[in-house]
Amino acid sequence: IIPLLILTGCGNKDIWDTNYTFDYAECYLNGEYQKYEIKKWRDYDGEQIQIKTKDGDLYLLSMNYCRLIKD
């Protein structure tokens, strides 16, 4: 039971879902949707996510306005 309790405290990740790779993010910024091709991403406590794009740009965004998509 202890390992199960430890594994369920993994932030926004589902305990049964092991695929955390995404192809792009769609985020609503400045009144329009932006699409970012993801090279790497990382989530933080709360609603923040950091995205490194294939162009080399780095963004810190709110997940309240973004969704990660796997093609």
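**View 1. Lys39 and its neighbours in the predicted model.** In this predicted model, Lys39 touches Lys52, Thr53 and Lys54, leaving aside residues up to four places away in sequence. Lys39 is found in strand 2. With a relative accessible area of 57%, Lys39 is exposed, because exposed means over 50%. To place Lys39 against Ile51, take the C-alpha atoms: they are 7.7 Å apart in space, while the two residues are 12 apart in sequence.

**View 2. Strand 2 meets strand 3.** Here strand 2 and strand 3 pair in the antiparallel sense, and the pairing runs over 5 bridges. One residue to pick out is Lys40, whose bridge partner in strand 3 is Lys52. Lys52 also appears in the previous view, as one of the residues that Lys39 touches. If you follow the chain round the turn, you will find that strand 2 and strand 3 form a hairpin with 4 residues between them. Gly46 sits in that turn and has a positive phi of about 90°.

**View 3. Strand 1 meets strand 2.** Another hairpin is shown here, formed by strand 1 and strand 2 with 2 residues between them. Asn30 lies in the turn, with a positive phi of about 55°. Strand 1 and strand 2 are antiparallel and pair over 6 bridges. Two facing pairs are handy landmarks: Tyr24 stands opposite Glu37 of strand 2, and Ala25 stands opposite Tyr36 of strand 2. Tyr24 has a further partner worth a look, since Lys35 lies over the face of its ring, at 4.1 Å from the ring centre.

**View 4. Strand 1 meets strand 5.** Strand 1 also runs antiparallel to strand 5, and 4 bridges join them. Look for Glu26 in this view: its bridge partner in strand 5 is Arg67. To put the strands in context, the secondary structure of the chain comes to 1 helix and 5 strands. Starting from the N terminus, the elements follow the order α-β-β-β-β-β.

**View 5. The largest nonpolar core.** Nine side chains are worth displaying together here, as the largest nonpolar core has 9 residues: Ala25, Cys27, Tyr36, Ile38, Ile49, Ile51, Leu61, Cys66 and Leu68. At least two residues of this core come from each of strand 1, strand 2, strand 3 (48-53) and strand 5 (66-69). Ala25 and Tyr36, the facing pair from the third view, both belong to the core. For a closer look at one member, centre on Ile51. Not counting residues up to four places away in sequence, Ile51 touches Ala25, Ile38, Lys40, Trp41, Asp57, Leu58, Tyr59, Leu61 and Leu68. For the chain as a whole, 21% of the 71 residues count as buried. Among contacts between residues at least 6 apart in sequence, 30% join residues at least 24 apart.

**View 6. The aromatic pair of Phe22 and Trp41.** A search of the whole structure finds 3 aromatic pairs. In the one shown here, the ring centres of Phe22 and Trp41 are 5.5 Å apart and the ring planes meet at 65°, so the pair is edge-to-face, given that planes over 60 degrees apart count that way. The pair links distant parts of the chain, with Phe22 in the loop between helix 1 (2-7) and strand 1 (24-29), and Trp41 in strand 2 (residues 32-43), 19 residues apart. Are these two rings buried or exposed? Phe22 counts as partly exposed, at 23% relative accessibility, and Trp41 is also partly exposed, with a relative accessible area of 21%. Trp41 is also one of the residues touched by Ile51.

**View 7. Ser62 and Asp43.** Ser62 is found in strand 4 (residues 58-62). Its side chain reaches the backbone nitrogen of Asn64 at 3.1 Å. Ser62 is buried, with a relative accessible area of 18%, because buried means under 20%. Asp43, in strand 2, is buried too, with a relative accessible area of 19%. For a distance label in this view, use Asp43 and Met63: they are 9.0 Å apart in space, C-alpha to C-alpha, and 20 residues apart in sequence.

How values were computed: Residues numbered from 1 in each chain as written. Predicted model: local features only at pLDDT ≥ 70, side-chain atom pairs only at ≥ 80, totals over all residues. Heavy atoms only, no water. Phe/Tyr/Trp six-rings, centres within 6.5 Å; stacked < 30°, edge-to-face > 60°. Buried < 20%, exposed > 50% of the residue type's maximum accessible area, 1.4 Å probe, protein only. Lys NZ or Arg CZ within 6 Å of the ring centre and 35° of its normal. Polar contact = N/O pair within 3.5 Å; in protein donor to acceptor, adjacent residues only side chain to side chain. Core = buried A, V, L, I, M, F, W, Y, C linked by side-chain atoms within 4.5 Å. Contact = heavy atoms within 4.5 Å. Pairing = 2+ DSSP bridges.
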